[in-house]
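Colleague: I would like to go through this model with you, starting with the charged side chains. Could you bring it up?

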Amino acid sequence: MLRAGSVVTCIACKGLLPSRMGVKFRVPLQKLHPLSRAIHHRYSANNNPQRPPHCSAARHYTSLSRLPMRPPKSRSGGHGYQQHRTFWVARLAARLLKLRYILLGSAVGGGYTAKKTYDEWKEMLPDMSEYTWIVPDFIWELSENIDLDKLASALPELEEIAKLLPDMEKIGENFTFLKSLLSSGLGSEVNGASGLRLLLETTGDSALRAPDVPPASAAMADSGDKQFKKSSDKEKVDQLQEELLRTQLKYQRMLERLEKENKELRKVVLQKDDKGIHQRKVKKSLIDMYSEVLDILSDYDSNYNTQDHLPRVVVVGDQSAGKTSVLEMIAQARIFPRGSGEMMTRSPVKVTLSEGPHHVAMFKDSSREFDLGKEEDLAALRHEIELRMRKSVKEGQTVSPETISLSVKGPGIQRMVLVDLPGVISTVTTGMAADTKETIFSISKAYMQNPNAIILCIQDGSVDAERSIVTDLVSQMDPQGKRTIFVLTKVDLAEKNLASPSRIQQIVEGKLFPMKALGYFAVVTGKGSPNESIDSIKDYEEDFFQNSRLLKDGMLKAHQVTTKNLSLAVSDCFWKMVRESVEQQADAFKASRFNLETEWKNNYPRLRELDRNELYEKAKNEILDEVISLSQVTPKHWESILQKKLWERVSTHVIENIYLPAAQTMNSGTFNTTVDIKLKQWTDKQLPHKALEVAWETLQEEFARFMAEYKGKDQDDIFDKLKEAVKDESIKRHKWNERAMDSLRVIQHNALEDRSITDKPQWDAAIQFMEETLQSRLKDTESVIADMVGPDWKQRWMSWKNRTPEQHTRNETKNELERLLKLHEDHTAYLANDEVTTVRKNLEARGVEVDPVLIKDTWHQLFRRHFLQKALLHCNLCRRGFYYYQRHFVDSELECNDVVLFWRIQRMLGITANTLRQQLTNTEVRRLEKNVKEVLEDFGEDNEKKVQLITGRRVQLAEDLKKVREIQEKLEAFIEALHKEK
């Protein structure tokens with residue numbers, strides 16, 4: 001019945017009004033089920049253009065009409081006629097008996113033959129009971145889990161489908177009227193109506209035949225033909241056209257409902273995993289395999305001219321032309337950020353579309369799924385895309401060439417890969433970078449210059465076509481239009497605003513632009529509100545085109561409208577291009593792989609092919625081993641290093657600011673008081689800070705020493721830059737525990753307040769420490785004096801060196817001050833003004849002009865040497881002073897308070913070193929190890945950092961080898977799956 005209905009409908013719409021009449025029957029097929037489209041075109045008159053038109057003398061062809069007619073016999077003579085009348089009863093009986101025997105014999109013979117044939121076929125069939133294991137268990141369990149009776153009852157009855165067929169009585173009435181028009185001689189206006197009438201008269205199915213026209217009615221119609229006017233004729237034709245459109249619409253909605261129920265059932269079957277149906281292992285879809293290859297190629301920079309020529313759909317257009325809206329209609333979700341008139345697409349977005357049970361979206365580098373059926377997930381997805389775009393744009397730029405990869409799955413989505421590019425602009429506005437226009441052009445050309453890329457050129461139909469920029473750009477990249485599909489958006493606004501709708505026809509026929517294209521489409525992607533749903537836009541688009549003059553008047557063809565037809569056409573073109581080019585690309589990468597492997601074999605024959613990530617993991621393990629080695633340092637080694645470095649850091653302050661000022665006092669009480677005050681001030685302000693600085697520097701030096709000592713014959717120099725960067729960054733991030741300073745200050749203060757030397761070995765150790773310190777200072781002082789006065793007479797004679805005028809002046813000043821010290825051995829640390837004047841006049845008497853500042857500077861070094869020499873002599877005298885110390889120097893002229901001072905300093909250094917060692921081993925080494933791990937993790941996630949720190953031809957060659965192998969393997973797997981799908 002469906003088929004017969006389609007026959008009547010298609011022939012009616014083609015036969016009634018030919019193309020010359022100017023009114024075309026363009027039935028919208030964008031929402032027809034594929035089966036309905038096949039029925040429609042199969043029985044359409046256009047499919048057989050060479051079929052001769054029906055003529056008025058056409059016969060009624062049936063199964064019986066082909067039997068030859070028995071010629072009539074002549075009735076000559078009365079005898080023959082009488083004989084004919086006499087034996088007609090006998091002849092009739094003989095024929096009836098003959099027919100009975102024929103029928104009986106045929107029935108018996110046919111039944112026997114059928115039974116014999118059935119038995120032979122039954123014996124030839126194999127025993128299928130042994131192969132029931134091939135069918136999965138869930139097939140046998142479908143009847144248990146899915147109510148097939150309920151599914152069958154949900155399907156429409158034949159009576160309901162019959163209701164969708166045209167009202168044959170009304171059509172018969174219209175045909176009667178058209179028949180009258182034919183007889184009235186309207187000629188070419190309705191020439192095809194006679195063929196349609198004859199077709200209806202010769203149709204074998206009585207249910208589809210138009211009611212016969214009574215002769216009386218025909219006569220009345222013939223007599224009144226001349227009374228009809230052209231206006232009434234047109235009304236009848238329009239009425240018939242509207243009836244056909246309503247019938248098609250009912251049929252489309254019925255098929256749409258069935259298709260929706262079919263999708264729901266498919267989703268139920270796919271989601272059934274806990275109710276008896278075994279969960280099957282999900283295979284990666286074909287489009288996902290292809291998208292992975294494109295993702296790898298986007299990061300691949302080949303040095304062997306192996307360019308990325310794999311197909312993808314490149315969406316280009318002027319800014320605000322509706323590119324993103326078209327893509328959203330194809331993806332069936334509002335997934336992109338939107339703005340009114342401003343640039344929203346700031347970087348290319350690669351969208352992989354595929355079919356799936358759930359409507360979800362996911363980024364390539366993320367495991368989160370966004371449910372596109374929930375508004376909050378849609379808002380989160382749009383926000384994430386906007387954040388990624390802004391993050392990819394570098395400072396001072398407006399757009400970025402970095403690609404954002406996104407996959408969208410859902411029921412009924414066509415499989416393809418699209419790349420949404422930033423909109424082409426004509427003018428750089430305020431807030432944009434100066435090179436924004438050129439950058440967008442370069443990005444667009446980079447994608448369109450791929451000879452296998454499908455260019456989806458989007459043109460805004462609501463503005464003047466002459467204002468378009470993108471058409472010229474597309475024409476330059478694809479002058480022949482072999483891979484370009486033109487899309488005209490906002491057709492509803494264009495029809496409303498344009499005075500001449502034929503201008504739209506010129507655009508979609510490719511006559512207005514010099515640009516050529518494979519196909520032209522007209523779509524409507526919204527009503528102007530950003531909050532509209534995709535379903536409401538689809539309904540609006542369908543209603544618009546069904547009521548539009550563009551379709552009714554034949555300016556647009558049915559297959560050229562709606563985004564659904566567009567997505568089908570783009571998907572077919574995409575997969576056709578993929579099948580034609582993918583094997584050629586696989587061969588190109590195979591040749592590139594051979595070249596890279598040959599280069600590695602010749603240049604690095606004894607090294608493994610480790611790419612940048614593998615080399616980073618190897619270096620990471622080495623660095624962590626070196627950090628762990630810090631925990632194996634002995635406590636004695638730590639304390640020795642810390643004590644030595646701490647004394648080097650504070651010794652100058654102790655000698656210059658504590659010991660020397662205290663030694664100038666007149667008695668031991670004043671000495672001890674001065675020492676205690678200065679030690680307290682030093683402990684409160686400087687000592688803890690100095691100690692922590694020393695500990696931190698010691699930890700750094702030990703860490704660097706272990707990293708340097710780790711190098712051996714297996715050490716790879718390619719890691720040096722990475723290790724240095726990790727060390728510097730770890731030290732930069734490391735901060736000493738602030739609470740350690742307060743506790744350290746208390747410990748140091750208590751250590752310096754203790755003056756009790758318990759035994760002789762401690763006394764001797766303090767004297768040795770004091771002596772070593774004084775000798776080191778004396779040596780430094782003598783070196784300074786030697787530099788001031790220049791070489792002595794021995795060096796001048798042996799080394800041929802002379803003094804400078806300044807050194808000569810300082811030498812004379814030194815000699816004069818030494819005489820003063822011999823006269824006053826107990827002189828104070830500072831010269832009086834009259835003493836300076838006396839020295840200067842004595843030098844002037846000998847012809848040496850000298851400045852008072854120079855005299856005081858020279859005196860400082862000479863007095864320092866004089867004091868240190870006396871302190872060393874006193875230190876030797878105190879070696880036997882432990883006994884007097886125990887008696888607090890009572891009744892003794894020997895006072896060794898300076899030895900006690902150095903003992904206090906030495907003890908403080910030992911306690912401080914021990915405390916710092918404990919903090920290092922218990923806390924700081926572990927914190928440093930943690931910092932190193934964090935730095936390594938951060939560097940591992942930063943690809944740019946790894947590229948910066950691990951460089952060289954060897955690394956780049958290994959990277960290219962890995963990527964080329966991966967691309968080739970994935971392409972071969974994709975080609976194999978593509979062949980299986982065929």
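Colleague: Is Asp826 buried or exposed?

Modeller: Asp826 counts as exposed, because its relative accessibility is 71%, and the cut-off for that class is over 50%. Please keep in mind that this is a predicted model.

Colleague: Which residue forms a salt bridge with Asp826?

Modeller: Lys870 does, with the closest N and O atoms 3.4 Å apart. The two come from distant parts of the chain, 44 residues apart: Lys870 is in helix H33, while Asp826 sits in the loop between helix H31 (805–823) and helix H32 (833–845). Lys870 itself is partly exposed, at 39% relative accessible area.

Colleague: How many salt bridges are there in the whole structure?

Modeller: A search finds 46. One of them joins the side chains of Arg733 and Asp938, at 2.9 Å from N to O. Arg733 belongs to helix H27 (residues 720–733) and Asp938 to helix H35 (residues 897–941), so this pair ties together parts 205 residues apart in sequence. Arg733 is partly exposed at 31%, and Asp938 is partly exposed at 35%.

Colleague: What separates Lys680 and Asp684 within helix H25?

Modeller: About one helical turn, because they are 4 residues apart in helix H25 (residues 668–685). Their salt bridge has its closest N and O atoms 2.5 Å apart.

Colleague: Back to helix H33, then. Where is Gln861, and is it buried or exposed?

Modeller: Gln861 is in helix H33, which spans residues 852–877. It is buried, since its relative accessible area is 14% and the cut-off is under 20%.

Colleague: Which residues does Gln861 touch, leaving out those up to four places away in sequence?

Modeller: Thr781, Val784, Ile785 and Met788. Gln861 and Val784 are 77 residues apart in sequence, yet 7.7 Å apart in space from C-alpha to C-alpha.

Colleague: Changing topic: what is the strand order in the sheet?

Modeller: The 9 strands run S4-S3-S5-S2-S6-S1-S7-S8-S9 in an open sheet with mixed pairing. Strand S4 (370–371) and strand S9 (519–522) stand at the edges with a single partner strand each, so one side of each has no neighbour in the sheet.

Colleague: In what sense do S1 and S6 pair?

Modeller: Strand S1 (residues 313–317) and strand S6 (residues 416–420) pair in the parallel sense, over 3 bridges. Val315 has Asp420 in S6 as its bridge partner.

Colleague: Which strands does helix H13 lie across?

Modeller: Helix H13 (residues 286–298) lies across strand S2 (349–355), strand S5 (404–410) and S6, at about 165 degrees to S2.

Technical notes:
Residues are numbered from 1 along each chain as its sequence is written. This is a predicted model: local features need pLDDT of at least 70, side-chain atom pairs count only at pLDDT 80 or more; totals for chains, interfaces and linings use all residues. Side-chain values use heavy atoms; hydrogens and water are left out. Buried means under 20% relative accessible area, exposed over 50%, partly exposed in between (1.4 Å probe, protein chains only). Contact means heavy atoms within 4.5 Å. Two strands pair if DSSP finds at least two bridges between them. Axes are lines fitted to C-alpha atoms, for helices over the stretch in contact, and angles run from 0 to 180 degrees between N-to-C directions. A salt bridge is a side-chain nitrogen of Lys or Arg within 4 Å of a carboxyl oxygen of Asp or Glu.
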